[in-house]
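Q: I have a structure to read and would like to know how to go about it. Where do I begin?

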Amino acid sequence: MNCFVSTSHVNAWSIRKGLRQFGLDCASLQPRAGLVPEASSTPCRGDAIFFTEEDSLLRYLAAGSDGYHFYPRSLPVPPDDKLAFAEAIKAIGESPVPYWAIADTLPTTPPSLPIVVKSRFSWRNGRKLPRGWVCVTAREYSDARVAMQQSGLFAEDFLIQEFMPDADVVSTCGFFDTLNHSRNLFLTTRKLLGQGGRLTTGVVVETIPDPGGLVPRTVAILDALRYRGPFEMEFVEDRQRGTYHVLELNMRFWMQHGLFIDGCGNRLLERYLDRDDSLPDAPLPAADVRLVWVDRLALLAAIARGRWDFLRAAWQHCRAARHEGARSVLYPDAGSTIRFCVVEMIRRIRGSLGREPEVSVRPLA
């Protein structure tokens with residue numbers, strides 16, 4: 001069996017790291033390899049495919065996927081439709097982040113403030129869509145409408161969500177099998193530091209005990225969806241209402257899934273490959289796995305840009321967690337990080353000169 005991963009960034013590198021513990025390797029289906037070498041062939045029947053974004057997963061599901069090994073295989077809601085997911089969980093009595101659907105055009109006035117005009121889909125016809133625009137004022141909302149029109153985007157590809165500044169983002173994540181709950185694997189994590197403006201991606205993420213029954217809620221939702229596969233379900237703490245709202249569900253390998261390699265004996269990939277038949281049923285609870293996951297690429301980028309406040313915040317979070325008994329794990333390793341950054345710098349220089357790079361990225365063995 002050969003293994004393929006859909007991209008070549010940090011979450012793909014993490015898959016490769018985990019597979020090597022099983023004596024396997026993987027190649028990236030993405031042109032111009034990054035942290036994972038580019039595949040020289042296409043997947044064949046019996047090969048395993050690991051998805052780190054929705055576009056490739058949707059294409060394999062739509063094309064008919066018999067013969068390949070991957071999860072998830074079928075779903076009652078599309079894996080990349082945030083509005084359909086919010087409506088599906090609301091129908092079973094769950095509490096999604098308050099939202100408003102958009103019909104033909106974005107309303108001239110916001111239904112509330114602050115809100116986020118959020119992409120309903122991560123991808124559309126192979127095109128990566130912007131994550132959205134946070135609007136705290138009516139002027140920012142007006143600017144978002146203009147930006148959407150100027151970018152040639154369609155309003156029906158977005159939805160409006162209530163925005164909760166400074167709210168904790170907590171995720172349940174792992175592997176879920178609605179047909180066999182003994183295979184279920186959970187960690188609960190909290191984002192300590194992010195990057196990317198107001199809609200941040202996690203740079204420093206810690207494992208925590210379940211803060212309020214989020215794991216049982218996750219089980220109920222994924223059972224209702226008849227879900228089987230890796231997942232990350234994000235929750236937002238609503239301090240005013242005293243509850244956690246469901247933000248979204250990633251039906252793929254998310255950025256920080258390496259926590260299961262370092263903290264749970266690599267059992268996430270074991271389940272994905274169906275190698276867990278003889279393993280104990282009980283997964284490690286989050287309270288017994290005190291880890292802090294750090295995006296090393298983001299730290300190096302912050303050094304290059306002189307973002308010393310950002311670096312200081314990252315250091316303070318890691319130091320505080322270490323004092324509480326947590327262990328920091330940095331992804332990817334130092335050698336792959338430096339090699340990736342050097343090659344990207346060469347690509348940009350060659351691109352500015354109108355020349356294609358002649359070097360491909362291969363992480364250090």
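A short reading follows, from the whole chain down to one residue.

A: Begin with the kind of model: this one is predicted. Then take the secondary structure.

Q: How many helices and strands does the protein have?

A: There are ten helices, alongside 16 strands.

Q: How compact is the protein for its length?

A: The general idea is to set the radius of gyration against a rule for globules. Here the radius is 21 Å and the rule gives 21 Å for 365 residues, so the protein is as compact as a globular protein of that length. Along the principal axes, the C-alpha atoms fill a box of roughly 55 × 55 × 50 Å.

Q: What share of the contacts joins residues 24 or more positions apart?

A: Among contacts with a separation of 6 or more, that share is 65%.

Q: What do burial and surface figures say here?

A: A residue counts as buried under 20% relative accessible area. By that cut-off, 51% of the 365 residues are buried. The protein exposes about 16,800 Å², and carbon and sulfur atoms supply 51% of that area.

Q: Where do the charges lie on average?

A: Compare the mean positions of the two signs. For the 44 positive and 42 negative charges, these mean positions are 5 Å apart.

Q: Take a single residue, T188: is it buried or exposed?

A: T188 has a relative accessible area of 2%. The cut-off for buried is under 20%, so T188 is buried. This residue sits in strand β11, which covers residues 185-195.

Q: How far is T188 from E206?

A: They are 18 residues apart along the chain, and their C-alpha atoms are separated by 8.5 Å.

How values were computed:
Residues numbered from 1 in each chain as written. Predicted model: local features only at pLDDT ≥ 70, side-chain atom pairs only at ≥ 80, totals over all residues. Heavy atoms only, no water. Helix = DSSP H or I, 4+ residues; strand = E, 2+ residues; numbered from the N terminus. Rg over C-alpha atoms; globule rule 2.2 N^0.38 Å. Buried < 20%, exposed > 50% of the residue type's maximum accessible area, 1.4 Å probe, protein only. Contact = heavy atoms within 4.5 Å. Areas by Shrake-Rupley, 256 points an atom, 1.4 Å probe, with all protein chains shown as cover. Lys, Arg positive; Asp, Glu negative; His and termini not counted. Charge placed at Lys NZ, Arg CZ, Asp CG, Glu CD.
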